[in-house]
Amino acid sequence: SVAKPLFYYENNINGTLNILKSMLKHGCNAMVFSSSATVYKPCEDPIDEEKPLGCTNPYGWTKFMIEEILMDAAKANSQLKIALLRYFNPVGAHPSGR
């Protein structure tokens, strides 16, 4: 995401807005969003949900922004139910990180 930040911002945020608009248009009022632990500020301590938020790369910022968008949409529409799940690298390290 650091090498192609505009791609990540456009793809992740616009894609989410399109899905959200389509959901509302068709009466789908629930979403479970797969976010990421990259929304937390880096720290040496174990991370829990009370740790401060702050991203270090465009991918993390898109996840953070999408969380905000979804929470704002849910505040504006009481029928919309949103669950945010923040995963800690469930797939494992990518080979390119070696």
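Visitor: Leaving aside neighbours within four places in sequence, which residues is Asn12 in contact with?

Guide: Tyr59, Thr62 and Ile66. Contact here takes heavy atoms within 4.5 Å. Before we go on: this is a predicted model, where local features need pLDDT of at least 70, side-chain atom pairs count only at pLDDT 80 or more, and totals for chains, interfaces and linings use all residues. Residues are numbered from 1 along each chain as its sequence is written, and side-chain values use heavy atoms, with hydrogens and water left out.

Visitor: Why is Asn12 called buried?

Guide: Buried means under 20% relative accessible area, exposed means over 50%, and partly exposed is in between (1.4 Å probe, protein chains only). Asn12 has 17% relative accessibility, so Asn12 counts as buried. Its home is helix α1, residues 5–25.

Visitor: What makes that stretch a helix, and how many helices and strands are there?

Guide: Helices are DSSP runs of H or I with at least four residues, strands are runs of E with at least two, and both are numbered from the N terminus. The chain has 2 helices and 2 strands, and they run α-β-α-β from the N terminus on.

Visitor: And Met71, why is that one partly exposed?

Guide: Met71 comes out at 31% relative accessibility, therefore it counts as partly exposed. It sits in helix α2, residues 58–76. Its C-alpha is 9.1 Å from that of Ala83, 12 residues away along the chain.

Visitor: How do you know that Tyr87 is partly exposed?

Guide: Tyr87 stands at 35% relative accessibility, so partly exposed is the label. You'll find Tyr87 in the segment after β2 (81–85).

Visitor: Which residues make the nonpolar surface patch?

Guide: Val32, Leu85 and Tyr87, with about 270 Å² between them. Patch residues have over 30% relative accessible area and no salt bridge (a side-chain nitrogen of Lys or Arg within 4 Å of a carboxyl oxygen of Asp or Glu). Nonpolar side chains (Val, Leu, Ile, Met, Phe, Trp, Tyr) are joined within 5 Å, like charges within 9 Å.

Visitor: What about the chain as a whole: how much of it counts as buried?

Guide: Of its 98 residues, 26% do. The C-alpha trace spans about 45 × 30 × 20 Å along its principal axes. As for contacts between residues at least 6 apart in sequence, 64% join residues at least 24 apart.

How values were computed:
Areas by Shrake-Rupley, 256 points an atom, 1.4 Å probe, with all protein chains shown as cover.
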